[in-house]
Amino acid sequence: MTPALTIIAKELRSFFVSPVVYVIGAIFLAVVGLMSYQAVANASNQALRLMQLQNTYAQLNLNEMIFRPLFQSMNLILMIILPLLTMRLFAEERKLRTFELLLTSPIGVNEIVSGKFLSVLIVYAGLLSLTGLIPLTLAAYATFDWNPILLGYLALLLQGALMLSIGLFASALTENQIIAAFLSFGLIVGLWVLGALSTAFGDSTLGNILSYLSFTEHFQRLIRGLLNVKDLVYYISGMAFMWFAAHQAIDAYRWK
Amino acid sequence: MIDVQHVTKRYGKVTALNDISFSIAKGEIVAFLGPNGAGKTTTMRILTGFMPPTSGTVSIAGFDCLEEPWEVKKHIGYLPETPPLYLEFTVREYLTFVGRIKRLGPKQLQERMEITINQTGLTEVQGRVIGNLSRGYRQRVGLAQALLHNPPVLILDEPTTGLDPNQIIEIRDLIKNLAGSHTIILSTHLLAEATAICQKVIIIHQGQIVAIDTPEQLGAKFRQSTMLQLTVKQSDPDLLDALGKIPGVMHVSHGPTPNTYAIETKIGKDVREELTQLVVARGAGLLELTTQTVSLEDVFKAFTTSDKPVMKPQENTVASTSQ
């Protein structure tokens, strides 16, 4: 077992013995389930109305009516719950002094950071894949285009991974888990607000920079079913930057 | 085995360690002694490669801590002040994790695991969750973690703090048994511990090394004179001068009260008989005469309180009479 795999295994074990993952997972799945139910109910209402109005069989675009709003709401929920998944990653090690064990072992900071990131990504991907039941169930009753849905899941995965890497960094800054959670929540909301701010500047250079920095534009494009290299680059580079920042935070902790 | 040259460590403007140099031979057990905040933990963290020194060089088993941190880490077992335990793991699971990050192969890990669990007396609790163990057991798990990859150098930061007397003795015996095959540095603020298990003592105070020697030598070095404390009943203004005239007495001063006298005499010269005769002859009323032996405690105090050596009375009561 390589050291990074060892870290992943250890982190996964810690995740699943603590109630946090179960509580967060339950809340996430319950809220997503409720929202999807509402979206479907809403869509069928509209379909009924259309049928009465036009007296014909209405073919609704389910991607637009159900999945796009659902993905958008999921994104909002992720902003709240993902900081709770990442908060303990480093903060707990610092608090329990186990960080000293890791840092005095023949294992690199990169391996620690990547191991921890991958472990929480696995947990998140597991949760996300459970919501796949929603389109699978719907597919039994309706027909729709699968491509935008798969891209939507890719968008949620990337979006979540970016948030997790932000949380990873925040957790490396403090030994207090609550502070880590709020810090990553603040950073994520900050990135989100940048997107809203960018519309105020319109198509100026500043406006474009702000809208590139925020995840909103990239996420919207992906869930609309558009796969753009630029958006993938955004997510990957954002994560890389956060890993680097986390690495720096750990070094600063040792050197201080 | 361990060579520290001119190491200085600053935290911002605070100098935690100031130009420390020492070396430790293979198989030695050495104690770092110093009051809290003297720089013991900082020194240990630098030795383990946890943090780099501001200046100076450290080498362990021939590897430089800055240039080959990887090799150094493989050669060191480190028990921090708080044992680094994952409380939700069982002892075996925890040790398996440690073995893997210490890069032991699966076979080696199995072998070392059995040996270490036996060595540290964890056989009965190996399947239990660490969070449910007592402090003594947790400390042993911490020690097992340091020993697992069989490192030639062990660095133990206050290994007996917070344990009850029986547990302290157990851990000390364990450490003593490791001597010879391992080079051990441990830090403590308990002098008895240093005397009990270490061949060499390094006293650190305010980031500087104030003494390096064996416990016995440290005591002897300090004992260049014998201190006597005399208490009389009547105040006698001339007694001070009279005492000073006794051959062998180097210095006399008043003790905590005007009727007590601190008398410093040459080593090997017993003046107690003359002293009592003098006091009795003057009718001052001899109440008490005690010699104060120098313990390691006094040496420690002397080195670590920046002003004059402080003597503790009530050590060996030699004569105690009352009139």
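Here are some friendly notes on this predicted model, taking the sheet in chain B, then the contact between the chains, then a helix pair in chain A.

1. Start with the sheet in chain B. Its 6 strands form an open sheet, and if you trace them across you meet β6-β7-β8-β3-β9-β10, with mixed pairing. At the edges stand β6 (76–79) and β10 (208–213) of chain B; each has a single partner strand, so one side of each is left without a neighbour in the sheet. On average, neighbouring strands here are turned by 15° against each other, direction ignored.

2. Now look at one pair within that sheet. In chain B, strand β3 (residues 29–33) runs parallel to strand β9 (residues 200–205), and 4 bridges join them. To find your place, look for B:Leu33, which stands opposite B:Ile203 in β9(B).

3. A helix lies across part of this sheet. Helix α1 (residues 40–47) of chain B lies across β3, β7 (153–157), β8 (183–188) and β9 of chain B, and runs at about 150° to β7(B).

4. How many residues of chain A are in contact with chain B? There are 20, and they meet 23 residues of chain B. On the chain A side, α1 (3–17), α5 (98–103) and α12 (229–255) each supply at least two residues. By class, that side has 10 nonpolar, 5 polar and 5 charged residues.

5. Finally, try the helix pair α4 (residues 88–96) and α8 (residues 146–173) of chain A. Their axes come within 6 Å and cross at roughly 15°, so α4(A) and α8(A) are roughly parallel to each other. The crossing is right-handed. A:Leu89, A:Phe90 and A:Ala91 in α4(A) meet A:Leu168, A:Ser171 and A:Ala172 in α8(A). By class, this contact has 5 nonpolar, 1 polar and no charged residues.

Note on methods: Residues numbered from 1 in each chain as written. Chains lettered and ligands numbered in written order. Predicted model: local features only at pLDDT ≥ 70, side-chain atom pairs only at ≥ 80, totals over all residues. Pairing = 2+ DSSP bridges. Axes fitted to C-alpha atoms, helices over the stretch in contact; angles between N-to-C directions. Contact = placed C-beta atoms within 7 Å. Nonpolar A, V, L, I, M, F, W, Y, C, P; charged D, E, K, R; others polar. Parallel < 35°, antiparallel > 145°, perpendicular 65-115°, else oblique. Left-handed = near helix turned anticlockwise from the far one by under 90°.
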